[in-house]
Amino acid sequence: MTYKEISKNFLDDANITIGDSVKVSKEDISYKGILLDRSEDAKDSYIVLKLDSGYNVGVNIESATIELIEKGDKPKIGYEGEPIVKDPNKDNISIISTGGTVSSIIDYKTGAVHPAFTAEDLLRANPELLDLANYDVKALYNILSENMKPEYWAKAAESIADDINEGVDGVVIAHGTDTMHYTSAALSFMLKTPVPIVITGAQRSSDRPSTDAFLNLYNSVGAAKSDIAEVTVCMHDTLNDGICALHKGTKVRKMHTSRRDTFRSIDSKPIATLKDAKIANINLPYTKRGENKLELNNNVESKVALIKSFPGITEDLIDYHIDKGFKGLLIEGTGLGHVPDYLVKPLQRAKDENIAVVMTSQCLYGTVNMNVYSTGRLLVDAGVISGMDMTPETAYVKLAWALGQSDKLDEVKEIIQTNIAGELNESSSMEYFLN
C-alpha cells in the first residue's frame, strides 16, 4: 500500500490494512468506513475512508485514534467462474462499454472512482442479466465521459452498425452520464436502426450501497429486447429503485449533478417506463422494431463551438472562433434566441466566411423565435439559423453532424430545421415535464 511513515505506523500499530472496516475518532467526532489506499502524492498524515454513504473522506490522523471493526478484503474486479453459455431460445444483445460510473469501481491506487470494469465484467458482476438474454460484449473505450469526442461518436456508431449487421436483437451502451445526452443525440442522427439502441449509465459506482448501476443496466436490457427501435437513454425515473424512464435520445438532458433521476426529457415526456426489465407504460409514439433498414451516416465536423451568451460577452469571442477556422457556431442565446446587438456584426462576418451559426435558448423549454424583437430580426438578416425547440446540446450535435453532410449554408439550414430523429416538436409545449 502507499501509506508511508506516519500513516503507515499509525495503521500498523492497530494491525489495520486496506479493506478493513474501521472507526477513527478525534476530539468530538468519529468516522466509520472502509480503509482505502490513497494516491502516492497524498499528505502523509492523512488516511482515506469510504463511508457507508458511499463517499470518500480524507481524515487527518493527528491526535486521532483508530480501532478495527472488521477485517476485510479488497473487492474483486469481475468474476471468475464457468464460461457463459448462450441459450438459443434467448435474444442476442450487444453490450458495448465506453466507461463511466456504470462500469466503475474504487481504484485502490488513488481511492477514486475509476472506469475499471470491462463490458464482460459488468455481466459477470450482475448474473441476473443472464436470465434475460445472450450477450456479445466488448469494451470500445474505457474513458470517463468528459473525454468523449465527436470522432468517438462516429466510431461508436460504426461499431453498433457492425453488431446490427451481424444479427443482434438490440444494443446496450454503457456510458458516463456527464455527456451521455450528447452521445445519444449523435447516435440518433448517425443511425437509422431496425433494433433498439439503449444508452445507460450510473450516478453512483457499482461498489456503493446506493448504486443505480444494476437497475439501469437491467432495465436497459429489457428496453433492448422491446419493440422500441430508436436510440434511447434508460435511467432511474425517480429517486427510488424500481422504475426506469426511457427517453428519446434527442430530447433528454442531465439535470442534476448527483441525483439518480437526473435524466429528464425536455419539452417532451419519456417514450416509456420500465419495471423488472419490461415496458410498464408507453407515453409517446415510437418507431417499431423492423420498420427501418439500417443506415449509417457518421460523418461529423469536429470544429464546432458551443458559445453561451452572457452579460458582457464581447465580439472577440466570436471573432476568435472565426479566426481559428471553426466551421460552425452554436449560440446559446437568451429568451427567444437573442444576443447583444453588437454581436450581429461578427455573426454576419461568420456567415460571409461560410460558417454556419445556429441559435438556441438558455431557457431549455419553449422554442426560439427571432422574429419577435428587433435584435432577433437583425440576427435572421445576418444568416443566423433558428435551432427551434432543440436543447443547446442536441442542436450542437446536430450542427456538427449537418456540417459532416454538407458545407453549403443553405443545405445545413435545411438539415437543422428538418425533423430527423424526433428532435423537433410539431408545436411548442406549454408544460414543464419535471416530475
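Which residue stands opposite Cys244 in strand 17? Leu274 does, and the views below, all taken from a predicted model, start from the sheet around that pair.

**View 1. An open sheet of 8 strands, with mixed pairing.** Read across the sheet, the strand order is 9-6-10-12-13-14-17-18. Strand 9 (134-139) and strand 18 (278-282) are the edge strands, each pairing on one side only. From one strand to the next, the twist averages 25°. If you are tracing side chains here, keep the usual pattern in mind: in a regular strand they alternate between the two faces of the sheet.

**View 2. Strand 13 and its two pairing partners.** Strand 13 covers residues 231-236, and 6 of its 6 residues are buried. With strand 12 (residues 197-200) the pairing is parallel, over 3 bridges. Look for Val198 here: its bridge partner in strand 13 is Thr232. With strand 14 (residues 243-248) the sense is antiparallel, and 5 bridges make up the pairing. In that pairing, Cys234 stands opposite Leu246 of strand 14. The hairpin of strand 13 and strand 14 has 6 residues between the strands. Gly242 in this hairpin takes a positive phi near 140°.

**View 3. Strand 14 meets strand 17.** These two strands run antiparallel, and 4 bridges join them. Strand 17 spans residues 272-275, and this is where Cys244 faces Leu274. Follow the chain past strand 17 and you reach Asp276, in the loop between strand 17 and strand 18. Asp276 is not a glycine, yet its phi is positive, at about 55°. Is Asp276 buried or exposed? Its relative accessibility is 53%, so it counts as exposed.

**View 4. Helix 4 across the strands.** Helix 4 (180-190) lies across strand 10, strand 12 and strand 13. Relative to strand 13, the helix runs at about 155°.

**View 5. The largest nonpolar core, with 51 residues.** Which residues touch the most other members of this core? They are Ile160, Leu187 and Leu399. Several elements each supply at least two residues, among them helix 3 (150-165), strand 10 (170-174), strand 22 (356-361) and helix 10 (409-416). The largest share, 8 residues, comes from helix 9. Zoom in on Ile160 and, leaving out residues up to four places away in sequence, you'll find it touching Ile96, Val171, Ile173, Leu187, Leu191 and Ile197. Apart from this core lies another one, of 22 residues, including Leu129, Ala224, Ile228 and Ala272. As a general backdrop, nonpolar side chains in soluble globular proteins tend to be buried together.

**View 6. Ile385 and its contacts.** Ile385 lies in strand 23. Its relative accessible area is 4%, so Ile385 counts as buried. Setting aside neighbours within four places in sequence, Ile385 is in contact with Val357, Val358, Met359, Met370, Lys413, Ile416 and Gln417. Thr360 is 25 residues from Ile385 along the chain, and their C-alpha atoms are separated by 9.1 Å.

**View 7. Met388 in the loop between strand 23 and helix 9.** Strand 23 covers 385-386. Met388 is another residue other than glycine with a positive phi, here near 55°. With a relative accessible area of 31%, Met388 is partly exposed.

**View 8. Glu393, a buried residue in helix 9.** Helix 9 runs over 392-405, and Glu393 lies within it. What does Glu393 touch, not counting residues up to four places away in sequence? His181, Tyr182 and Arg253. Why is Glu393 called buried? Because its relative accessible area is 8%, and buried means under 20%.

**View 9. A charge over a ring.** Here the pair to find is Lys303 and Phe326. The charged end of Lys303 sits over the Phe326 ring, 4.9 Å from the ring's centre. As for rings paired with rings, the count comes to 4 aromatic pairs.

Note on methods
Residues numbered from 1 in each chain as written. Predicted model: local features only at pLDDT ≥ 70, side-chain atom pairs only at ≥ 80, totals over all residues. Heavy atoms only, no water. Phe/Tyr/Trp six-rings, centres within 6.5 Å; stacked < 30°, edge-to-face > 60°. Lys NZ or Arg CZ within 6 Å of the ring centre and 35° of its normal. Buried < 20%, exposed > 50% of the residue type's maximum accessible area, 1.4 Å probe, protein only. Pairing = 2+ DSSP bridges. Core = buried A, V, L, I, M, F, W, Y, C linked by side-chain atoms within 4.5 Å. Contact = heavy atoms within 4.5 Å. Axes fitted to C-alpha atoms, helices over the stretch in contact; angles between N-to-C directions.
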